[in-house]
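Trainee: I am new to this structure and would be grateful for guidance through it. May I put my questions in turn?

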Amino acid sequence: MSIIELALNEVACSGCIGKIKREMQRTNGIEKVKILSGSGKIKINFNESLILSEEINRNLYKMTLRTFD
């Protein structure tokens, strides 16, 4: 299992962050998602044999865009 931390700089609303967290948890290969309070980051534990960190980053970017549409 691998761990990645990604910034959520564009997301200010706690409701939006919650939506993103729930959506990430539904992604195949992601084991655990944790919001790092006060740092503006999200910590994701994932299985590299099922999903790559680049794909997680890309999915997170798409989710932040959808959240603000």
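Trainee: In which element does Ser2 lie?

Mentor: The model is predicted: local features need pLDDT of at least 70, side-chain atom pairs count only at pLDDT 80 or more, and totals for chains, interfaces and linings use all residues. Residues are numbered from 1 along each chain as its sequence is written, and side-chain values use heavy atoms, with hydrogens and water left out. Helices (H or I, at least four residues) and strands (E, at least two) are DSSP runs, numbered from the N terminus. By that rule, the element over residues 2–7, which contains Ser2, is strand β1.

Trainee: Is Ser2 buried or exposed?

Mentor: Buried means under 20% relative accessible area, exposed over 50%, and partly exposed in between (1.4 Å probe, protein chains only). The relative accessibility of Ser2 is 17%, so Ser2 counts as buried.

Trainee: Which residues does Ser2 touch, leaving aside those up to four places away in sequence?

Mentor: A contact requires heavy atoms within 4.5 Å. With residues up to four places away in sequence not counted, the partners of Ser2 are Ile44, Asn45, Phe46 and Glu48.

Trainee: What is the order of the strands in the sheet?

Mentor: Two strands pair if DSSP finds at least two bridges between them. β1 and β3 are antiparallel over 6 bridges, and 6 bridges also join β2 to β3, again antiparallel. The open sheet of 3 strands therefore has β1 and β2 at its edges, each with a single partner strand and one side without a neighbour in the sheet. The order is β1-β3-β2.

Trainee: Which residue of β3 is the bridge partner of Lys32?

Mentor: On the β1 side, Ala7 stands opposite Lys41, and Ile3 stands opposite Asn45. On the β2 side, the bridge partner of Lys32 in β3 is Asn45.

Trainee: Which residue in the hairpin of β2 and β3 takes a positive phi?

Mentor: This hairpin has 4 residues between the strands. The positive phi, near 80 degrees, belongs to Gly38.

Trainee: Which elements give two or more residues to the largest nonpolar core?

Mentor: A nonpolar core is a set of buried Ala, Val, Leu, Ile, Met, Phe, Trp, Tyr and Cys residues joined through side-chain atoms within 4.5 Å. Of the 15 residues in the largest one, Leu6, Met24, Ile30, Ile42, Ile44, Phe46 and Ile56 touch the most other members. The elements giving two or more residues to this core are β1, α1 (14–25), β2 (30–36), β3 (41–46) and α2 (53–68).

Trainee: Which residues does Ile56 touch, again without those up to four places away in sequence?

Mentor: Ile56 is one of the core residues that touch the most other members. Outside the four places excluded in sequence, Ile56 touches Leu6, Met24, Ile30, Ile44, Phe46 and Ile51.

Trainee: Which residues of α1 are buried?

Mentor: Helix α1 lies across β2 and β3. The buried residues of α1 are Cys16, Ile17, Gly18, Ile20 and Met24.

Trainee: In what order do the elements of the protein run from the N terminus on?

Mentor: The protein has 2 helices and 3 strands. From the N terminus on, their order is β-α-β-β-α.

Note on methods
Axes are lines fitted to C-alpha atoms, for helices over the stretch in contact, and angles run from 0 to 180 degrees between N-to-C directions.
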